[in-house]
Amino acid sequence: AAEMSPVVERLNDMLARLHAAFERERAFSADVAHELRTPLAGLLTTLEVAAARPRSPEENREAFSDCLQIAQQLQVMVNNVLMLGRLESGEVAPQITRVELAAFLRRQWARFETKATQRGIAVDWSAPAELACQADEKLLALAVGNLLENAAEYCDEGGRISIAASSEGEANVITISNTG
């Protein structure tokens, strides 16, 4: 029985890792479904309202524009999920380059700036121009873009968003917060 102990331990360890992998997969699938549900609901609602009654050409153009914007958002989400899957499976390796954080954060924020300005949201910036890191810019953009989108989406009307980058020892820290 003592000679079986190492085999049992290895088997238990392998089963624990397998269980953890299944849990990560389940959580990932639930997260993807949750993220896709909102834009799909918006698309369906816009189409149902547009089809409910005769509309002017301008109203139809507006509805088509809204649907196109939502479909483009869905396409970005699906592409991001595919990229994450490829990275996790080892199909694609991260492309590590030097990322200057202040310029990077401003480029990422540009996607949300118009909507935030329309809602009267002000932005406070704190990121030294010389601060840089080594990262896969596309993957970093995926994570930071999600944080910025949430900050803009859930900030109160006329509120403030703070976007900061700093150096803490060996690490760089990006902080995004809002008054919402």
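The second largest pocket is where I will start: its lining is A21, R24, E25, F28, V81, L82, L84, G85, R86 and E88. Two elements, α1 and α2, each give two or more residues to that lining. The largest share comes from α2, with 6 residues. Before going on, I should say that this is a predicted model.

Staying with that pocket, the space in it is about 230 Å³. Sorted by class, its lining residues are 5 nonpolar, 1 polar and 4 charged.

How do the two helices behind that lining, α1 and α2, sit against each other? Their axes come within 9 Å and cross at roughly 165°. An angle over 145 degrees counts as roughly antiparallel, and therefore α1 is roughly antiparallel to α2. The hand of the crossing of α1 and α2 is left.

Now the largest pocket. How much space lies in the largest pocket? About 1500 Å³. Its lining takes in 35 residues, and the ones nearest the centre are E35, Q73, M77, N146 and E149. Four helices give two or more residues each to this lining: α1, residues 5-52; α2, residues 57-89; α3, residues 101-118; and α4, residues 137-154. So much for the list of contributors.

Which element gives the largest share of the lining of the largest pocket? That is α4, with 11 residues. By class, the lining of the largest pocket has 15 nonpolar residues, 12 polar ones and 8 charged ones. Both α1 and α2, which line the second largest pocket, are also among the elements that line the largest one.

Next, how α4 packs against two of the other helices. I will take α2 and α4 to begin with. They pack at an angle of about 135°, and their axes are 11 Å apart. Roughly antiparallel would need an angle over 145 degrees, and α2 and α4 are therefore oblique to each other. Their crossing is left-handed.

The other pair is α3 and α4. Here the packing angle is about 40°, with the axes 10 Å apart. Roughly parallel would need an angle under 35 degrees, so α3 is oblique to α4 as well. The crossing of α3 and α4 is right-handed, whereas that of α2 and α4 is left-handed.

That leaves the sheet. It is open, it has 3 strands in the order β2-β4-β5, and its pairing is mixed. Which strands stand at the edges? They are β2, residues 122-126, and β5; each has a single partner strand, so one side of each is left without a neighbour in the sheet. On average, neighbouring strands of this sheet are turned by 10° against each other, direction ignored.

As a reminder, strands of a sheet pair through backbone hydrogen bonds, either parallel or antiparallel. This sheet has mixed pairing, and I will go through the two pairs in turn.

The parallel pair is β2 and β4, joined by 5 bridges. If you want a place to look in the structure, A122 stands opposite R160 in β4.

The antiparallel pair is β4, residues 160-168, and β5, residues 171-178, with 8 bridges between them. Which residues face each other across that pair? Going along β4, S162 has S177 in β5 as its bridge partner. A164 stands opposite T175 in β5. S166 has V173 in β5 as its bridge partner.

Where β4 turns into β5, the hairpin has 2 residues between the strands, and G169 takes a positive phi near 65°.

One general point on strands, for anyone looking at side chains on the screen: in a regular strand the side chains alternate between the two faces of the sheet.

To recap the helices and pockets: α4 gives the largest share of the lining of the largest pocket, while α2 gives the largest share of the lining of the second largest pocket. For the sheet, β4 runs parallel to β2 and pairs in the antiparallel sense with β5. That is the end of the talk.

Key: Residues numbered from 1 in each chain as written. Predicted model: local features only at pLDDT ≥ 70, side-chain atom pairs only at ≥ 80, totals over all residues. Heavy atoms only, no water. 1 Å grid on protein atoms, 1.4 Å probe; cavity = no way out; pocket = protein on both sides within 12 Å on 5 of 7 lines; lining within 4 Å. Points joined across faces, edges and corners; volume = space filled by probe spheres on them. Nonpolar A, V, L, I, M, F, W, Y, C, P; charged D, E, K, R; others polar. Pairing = 2+ DSSP bridges. Axes fitted to C-alpha atoms, helices over the stretch in contact; angles between N-to-C directions. Parallel < 35°, antiparallel > 145°, perpendicular 65-115°, else oblique. Left-handed = near helix turned anticlockwise from the far one by under 90°.
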